[in-house]
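Work through the exercises below with the sequence and the structure open beside you. Try each task before reading its solution.

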Amino acid sequence: MSPSRYTLFLFVSFLACSAASAQQPAPVPAAPQRDPQAVAVLVGAFKTLGGNLPADSVATGNIQIVAGSRTEVGTIRILTRGFDQTVEDIQTAQTHKSLVYSKGLATQIHGYTAKPLQLELAVTSQSPNAPIAFIAGALNNPNVGMAYLGLEDMDGTSVHHLRIWTTFPSNLELAHLADFSVRHLWLDAATGLPLKVAYVSRAARGSTPANQIEVLFSDYRSINGVRIPYRIEDSLNGTPRTTIAITSVAFNQNLTDADFPIAKGGIQ
C-alpha cells in the first residue's frame, strides 16, 4: 500500500471510530444503595409516627433564637405539603424570614426580598422539623439512598443510626449534589421515634465554609393519629441556636403550590 493510501486508510479509520464512539450511550448511574435494614428501620419509624402522611400540615409555635450575645423571641409556622414541600416562617420583633423548599428548589425570604438558593444549598433546605414528611419522602423517592450505620448510644438511649442521601441518576451534571444532600438520622431503638437529624450545609465544593447543623426532637404528642415533636432544638457548629415549642398543629388545610413560592432565576 502506498504511503498516501495508507494515510487515507488511517484517516477513514479514525473517522469511523470517532463516529462509533459518538453513538455510544452515556453511562447510566447505578441505582442508589437502599440497605434493607435501613429501609426496615425507616418503615418502622413511619408506622410509629402514624403510618399515614397528611396531605398537608400547619404547625405553629414559639421560637427562641440565640445569636452570639443576642437572644430573640418570636413565633414560627412550619408548613408541609406532601413529602416534598415545606416552609419555615419566623417572625420576631427584629426580623421576618422564611425558608421555602419545593420539589428540589429552595428560596430564602427576608422581609420583602426573595433569594433563590443554589442547588448545593437547596438539597438540605427541606425542613427537618416535620419528621414524618422527611421519612415518607425517603421511603417513596427511588432516587434516595440509605445505609444502616449501626446501633449506638445517645445520652443513655439505644438508637439506630442511618445515613440518607439523594442521587440524580437522570442528570449526570447534578451527580455531585449527592454529597451535599447527606443527612444522618438517629431513631430510638425501642420506640422508633426520630430523636436527631444532622447534616452539613455548604454552598459549593472546595474550600467553601461548611455549617454543621444538628436538630433534636422530643415531647412527641399524637394529633389525629400523627405523632409530632412539640419541642425542637437545633445547633449550628456545636453551638445551640434555636428552641421551638410547638403550640398547635392542623392537618389537611388545603394548601397549594402558592403557599410554597419559589423565586425564579439566579439558581447556580
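**Exercise 1: The largest pocket**

The largest pocket of this predicted model has a volume of about 930 Å³. Task: find which residues lie closest to its centre, and state how its lining divides by class.

Solution.
- Step 1. Start with the lining, which consists of 40 residues. Those closest to the centre of the pocket are Lys97, Leu99, Gln108, Ile213 and Arg241.
- Step 2. Sort the lining by class. The division is 19 nonpolar, 13 polar and eight charged residues.

**Exercise 2: The second largest pocket**

Task: describe the second largest pocket by its volume, the residues closest to its centre and the classes in its lining.

Solution.
- Step 1. The volume of the second largest pocket is about 590 Å³.
- Step 2. Its lining has 27 residues, and Tyr101, Gly104, Asn141, Val144 and Thr166 are the closest to its centre.
- Step 3. Look for elements of secondary structure in the lining. Helix 4 (131–140) supplies at least two residues, and strand 8 (157–166) also supplies at least two.
- Step 4. By class, the lining of the second largest pocket holds 14 nonpolar, 10 polar and three charged residues.

**Exercise 3: The cavity**

Task: state how many cavities of 30 Å³ or more there are, and say which element gives the most to the lining of the largest cavity.

Solution.
- Step 1. The count is one cavity of 30 Å³ or more. The volume of the largest cavity is about 180 Å³.
- Step 2. The largest cavity has 19 lining residues, and those nearest its centre are Ser57, Thr80, Asn129, Ala130 and Ile228.
- Step 3. List the elements that give two or more residues to this lining: strand 1 (56–67), strand 2 (70–81), helix 4, strand 12 (226–236) and strand 13 (239–251). Strand 12 gives the most, with five residues.
- Step 4. Divide the lining of the largest cavity by class: 15 residues are nonpolar, three are polar and one is charged.

**Exercise 4: Helix 4**

Task: decide whether helix 4 is mostly covered or mostly uncovered.

Solution.
- Step 1. Count the buried residues. Eight of the 10 residues of helix 4 are buried, and the helix is mostly covered.
- Step 2. Name the buried residues of helix 4: Pro131, Ile132, Ala133, Phe134, Ile135, Ala136, Gly137 and Ala138.
- Step 3. Find a residue of helix 4 in a nonpolar core. Ile135 is one of the residues with the most contacts inside the largest nonpolar core.

**Exercise 5: The nonpolar cores**

Task: find which residues have the most contacts inside the largest nonpolar core, and list the contacts of Val249.

Solution.
- Step 1. The largest nonpolar core has 40 residues, and Leu42, Ile135, Ile164 and Val249 have the most contacts inside it.
- Step 2. Take Val249 and leave aside its neighbours within four places in sequence. Val249 is then in contact with Val58, Ala59, Ile223, Ile228 and Tyr230.
- Step 3. Another core lies apart from the largest one; it has eight residues, among them Leu79, Leu255, Phe260 and Ile262.

**Exercise 6: Three single residues**

Task: for Asp257, Asp219 and Asn237, give the place in the chain and decide whether each is buried, partly exposed or exposed.

Solution.
- Step 1. Asp257 is placed in the segment after strand 13. Its relative accessible area is 42%, so Asp257 is partly exposed.
- Step 2. Look at what surrounds Asp257. Not counting residues up to four places away in sequence, Asp257 touches Arg81, Gln85 and Lys103. Asp257 and Arg81 are 176 residues apart in sequence but 8.6 Å apart in space, C-alpha to C-alpha.
- Step 3. Asp219 is in strand 11 (residues 210–223). Asp219 counts as partly exposed because its relative accessibility is 38%. Its phi is near 55 degrees, which is a positive value in a residue other than glycine.
- Step 4. Asn237 is in the loop between strand 12 and strand 13. With 44% relative accessibility, Asn237 counts as partly exposed. Asn237 is not a glycine, yet it has a positive phi of about 50 degrees.

**Exercise 7: The whole chain**

Task: state how many helices and strands the protein chain has, and what share of its residues is buried.

Solution.
- Step 1. The protein chain has five helices and 13 strands.
- Step 2. Of its 268 residues, 42% are buried.
- Step 3. The accessible surface of the chain is about 14200 Å², and 55% of this belongs to carbon and sulfur atoms.

Definitions and conventions: Residues are numbered from 1 along each chain as its sequence is written. This is a predicted model: local features need pLDDT of at least 70, side-chain atom pairs count only at pLDDT 80 or more; totals for chains, interfaces and linings use all residues. Side-chain values use heavy atoms; hydrogens and water are left out. A nonpolar core is a set of buried Ala, Val, Leu, Ile, Met, Phe, Trp, Tyr and Cys residues joined through side-chain atoms within 4.5 Å. Buried means under 20% relative accessible area, exposed over 50%, partly exposed in between (1.4 Å probe, protein chains only). Contact means heavy atoms within 4.5 Å. Helices (H or I, at least four residues) and strands (E, at least two) are DSSP runs, numbered from the N terminus. Accessible areas come from the Shrake-Rupley method with a 1.4 Å probe; for residues, only the protein chains shown count as cover. On a 1 Å grid over the protein atoms alone, a cavity is a set of points where a 1.4 Å probe fits but cannot get out, and a pocket is an open set with protein on both sides within 12 Å along at least five of seven lines; lining residues have an atom within 4 Å of a point. Grid points are joined across faces, edges and corners, and a volume is the space filled by probe spheres set on the points. Ala, Val, Leu, Ile, Met, Phe, Trp, Tyr, Cys and Pro count as nonpolar, Asp, Glu, Lys and Arg as charged, and the others, Gly among them, as polar.
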